[in-house]
Amino acid sequence: MRLFEFGDLDWVPEWYHVNLRKYLIFFYKAFGYFKLWIPSTVDFIDKSNSDTFIELGSGGGEPLALVVSEIPDDKVSGKRFILSDINPVAEFVDRINGDAASPFEYHPTPVDATAIPAELAHPRIFINSFHHFTPEQVAKVVESSIAQNQPMLVLEYVRNTPLGFLSMLTGPLVLILTVPFVVSRKDLLPLLVFTYLLPIFPLMFFWDGIVSCARMYSPQALQKIVAASGTQADVSGYVKRNLLYPAGVTAVHIWPKG
């Protein structure tokens, strides 16, 4: 079922989009599951033989920065990372692009992952964003990437498994305990109202987590979609867990054949 997520809806207030992403980063840091992606990311960077990479669906832009920060300097020295989104948020774009010395830059205009322009044709990285695509869009994303002879790395922390769904219960519980310490001052008043008086924020957060799990593509599902599309690509993936996140994360590599 292709259920909706509040984080995908334009009519949802901006405070939800911004603070949803802030909380996702909070969970990345609290549970450390971004570290589980490091071996696969290093392997992808090495095999890509490229100095520039583009992340699609970057949101706040911090997940990739967290991953890269844990990679040895000799593996990422001289590399450039372009962040992008179909609906880039000005706050995130300005923050990333405000540091001229950073290897990260945020493309300020919308980028459609199904039709990336030639000037942005670099190896693609998706961090917890691929599940937002329909199967038809996934096929187009892969076809576009392979047509430009570019590999893809798909990283997800949501899992379509019983343990994956159960782990989503953690989100709203931690959110309720930490709202005054995580959200920005300008959003604090509405978040206090919509967390404690009317628990809309934690319920929306929980719904989006459950739907993300339901929409997540396993490595096997991506293999089937790629095969059905007729695209000439090799697909491989793994699941890795730690004690704080037993549901596990996935990493899938999609490489052009030949």
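Tutor: Helices and strands are DSSP runs, numbered from the N terminus. This model is predicted, and with that numbering we may begin at Ser58, which sits in the loop between β1 (52-56) and α3 (62-69).

Student: Is Ser58 buried or exposed?

Tutor: The general idea is a cut-off: a residue counts as buried under 20% relative accessible area and as exposed over 50%. Ser58 has a relative accessible area of 4%, so Ser58 is buried.

Student: Which residues is Ser58 in contact with, leaving aside its neighbours within four places in sequence?

Tutor: Ser58 is in contact with Leu83, Ser84, Asp85 and Tyr106.

Student: I should like to turn to charged residues. How many salt bridges does a search of the whole structure find?

Tutor: The general idea comes before the count. Side chains of opposite charge can pair when their charged atoms come close. A search of the whole structure finds nine salt bridges. One of them joins Arg215 and Glu5, with the closest N and O atoms 3.4 Å apart.

Student: Why does the pair of Arg215 and Glu5 tie together parts that are far along the sequence, 210 residues apart?

Tutor: Arg215 belongs to helix α10 (residues 200-215), whereas Glu5 lies in the segment before α1, so the pair ties together parts that are 210 residues apart in sequence. Both Arg215 and Glu5 are buried.

Student: Which residue forms a salt bridge with Glu91?

Tutor: The partner of Glu91 is Lys22, and the closest N and O atoms are 4.0 Å apart. This pair links distant parts of the chain, with Glu91 in helix α5 (residues 90-97) and Lys22 in helix α1, 69 residues apart. Glu91 is partly exposed, its relative accessible area being 35%. Lys22 also counts as partly exposed, at 23% relative accessibility.

Student: Where are Asp46 and Lys75 found?

Tutor: Asp46 lies in helix α2 (residues 38-48) and Lys75 in helix α4 (residues 73-76), so far as the chain is concerned a link between distant parts, 29 residues apart. Their salt bridge has its closest N and O atoms 3.3 Å apart. Asp46 is partly exposed, with a relative accessible area of 40%, and Lys75 counts as partly exposed at 30%.

Student: Which residues are joined into one network by salt bridges that share partners?

Tutor: Glu5, Asp8 and Arg215 are joined in this way.

Student: How should I read a nonpolar core, and which residues touch the most other members of the largest one?

Tutor: A nonpolar core is a set of buried nonpolar residues, among them Val, Leu and Phe, joined through side-chain atoms within 4.5 Å. The largest nonpolar core here has 57 residues, and Tyr23, Tyr28, Tyr33, Trp37 and Tyr157 touch the most other members. Helix α1 (residues 14-31) gives the most to this core, with ten residues. There is also a second, separate core of 25 residues, which includes Val141, Ile146, Val154 and Val252.

Student: What does Tyr157 touch, not counting residues up to four places away in sequence?

Tutor: The residues that Tyr157 touches include Leu24, Tyr28, Asn128, Met168 and Val249.

Student: Which residues does Val174 touch, on the same basis of not counting residues up to four places away in sequence?

Tutor: Val174, found in helix α8 (residues 170-182), touches Phe26 and Phe27. The C-alpha atoms of Val174 and Phe27 are separated by 9.2 Å, although the two residues are 147 residues apart along the chain.

Student: Which residues make a nonpolar patch on the surface?

Tutor: Leu163, Leu166 and Leu169 make a nonpolar surface patch of about 260 Å². Of these, Leu166 is found in helix α7 (residues 162-167).

Definitions and conventions
Residues numbered from 1 in each chain as written. Predicted model: local features only at pLDDT ≥ 70, side-chain atom pairs only at ≥ 80, totals over all residues. Heavy atoms only, no water. Patch = residues over 30% accessible without salt bridge, like charges linked within 9 Å, V, L, I, M, F, W, Y side chains within 5 Å. Areas by Shrake-Rupley, 256 points an atom, 1.4 Å probe, with all protein chains shown as cover. Salt bridge = Lys/Arg side-chain N within 4 Å of Asp/Glu carboxyl O. Helix = DSSP H or I, 4+ residues; strand = E, 2+ residues; numbered from the N terminus. Contact = heavy atoms within 4.5 Å. Buried < 20%, exposed > 50% of the residue type's maximum accessible area, 1.4 Å probe, protein only.
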